Amino acid sequence: EEIEKQLPELQKGSYNYKNATLTESQTTAPPLLNDASLITLMETCGKDIQDEELKEALKGKGIGTSATRGGIIKELVDGEYIERKGKTLLPTKLGFEVIKSLNGQKILSAELTGEWESAITDIENGKGNPEEFRENIKSFAYEITQQIKSSPKLGFNPNETSHGCPQCKKGKLLQNKFYYHCEDDNTCKYKLYKNFRGQNITEKRLSDLLTKGISLSAKCKTQDNK
């Protein structure tokens, strides 16, 4: 066994030093997340919680389970809260605004997950009231949803572009995951697919097409690959 040893008290003149340097640097931002690193964070969330009881409740649990964490990330991508750039996951404008609207709310902390896990453990051990817990969760979800919906920061349509429809000249041009379309889907029916003849029609290229009539960066191919 290692024996703890006290460092002897140092007296002025009782030791020599070879050299000393002063280095100035700046902290760097943490690396961007990918699927693997995000899943690791979900698995280990709560390790920095100060409350030992809540930390114990989260031990070995984290957010989701090994079977559901991948599905949770997929739901965030499908809901356009985050997007993929290569192997990297990035928050979208909608994702940023939702987080901003919840600033300071407990739902953004691992402590809340710990409290819920602790309450579930009590129910498993016959100490808690499952019906009361369920109603509290429903009430909490309703309040948070109402807060997001009423937030002035979310008073925008995340699918709205800055352009009008080039066909009917009346409606706004909206977008979804696959194409741009007129907000009047009943009578106008204008549609431009984002993947067109081998090219990704980004919002920048869309803007060039609608304002200049041409996008020089989009090298589309004909059906016979020319």
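Cys182 is buried, with a relative accessibility of 0%. The model is predicted, and its count of disulfides is zero. The points below cover the cysteines, Arg69 in helix α3, the packing of helix α5 against helix α6, and Asp184 in the loop between β5 and β6.

**Cysteines**

- The cysteine sulfur closest to that of Cys182 belongs to Cys168, and the distance of 3.7 Å is too far for a bond.
- A disulfide would need the two sulfur atoms within 2.5 Å.
- Cys188 is in no disulfide either; its nearest cysteine sulfur is that of Cys165, 3.6 Å away.
- Cys188 counts as buried, because its relative accessibility is 11% and the cut-off for buried is under 20%.

**Arg69 and its surroundings**

- Arg69 is part of helix α3, which covers residues 69-78.
- Its relative accessibility of 6% places Arg69 among the buried residues.
- Apart from neighbours within four places in sequence, Arg69 has contacts with Ile39, Met42 and Glu43, and also with Lys61, Gly62, Ile63 and Gly64.

**Packing of α5 and α6**

- A pair of packed helices is described by the angle between the axes and the distance between them.
- Helix α5 spans residues 110-124 and helix α6 spans residues 130-150; the two pack at an angle of about 160°, and their axes are 10 Å apart.
- Angles over 145 degrees count as roughly antiparallel, so α5 and α6 are roughly antiparallel to each other.
- The crossing of α5 and α6 is left-handed.
- On the α5 side, the contact is made by Leu112, Trp116, Ala119, Ile120 and Ile123.
- On the α6 side, Pro130, Phe133, Ile137 and Phe140 take part in the contact.
- Sorted by class, the residues in this contact between α5 and α6 are nine nonpolar, no polar and no charged.

**Asp184**

- Asp184 sits in the loop that runs between strand β5 (179-182) and strand β6 (191-193).
- With a relative accessible area of 30%, Asp184 is partly exposed.
- Asp184 and Phe133 are 51 residues apart along the chain, and their C-alpha atoms are separated by 44 Å.
- Phe133 is one of the α6 residues in the contact with α5.

Key:
Residues are numbered from 1 along each chain as its sequence is written. This is a predicted model: local features need pLDDT of at least 70, side-chain atom pairs count only at pLDDT 80 or more; totals for chains, interfaces and linings use all residues. Side-chain values use heavy atoms; hydrogens and water are left out. Buried means under 20% relative accessible area, exposed over 50%, partly exposed in between (1.4 Å probe, protein chains only). Helices (H or I, at least four residues) and strands (E, at least two) are DSSP runs, numbered from the N terminus. Contact means heavy atoms within 4.5 Å. Axes are lines fitted to C-alpha atoms, for helices over the stretch in contact, and angles run from 0 to 180 degrees between N-to-C directions. Angles under 35 degrees count as roughly parallel, over 145 as roughly antiparallel, 65 to 115 as roughly perpendicular and the rest as oblique. A crossing is left-handed if the near helix is turned anticlockwise from the far one by less than a right angle, and right-handed if clockwise. Ala, Val, Leu, Ile, Met, Phe, Trp, Tyr, Cys and Pro count as nonpolar, Asp, Glu, Lys and Arg as charged, and the others, Gly among them, as polar.
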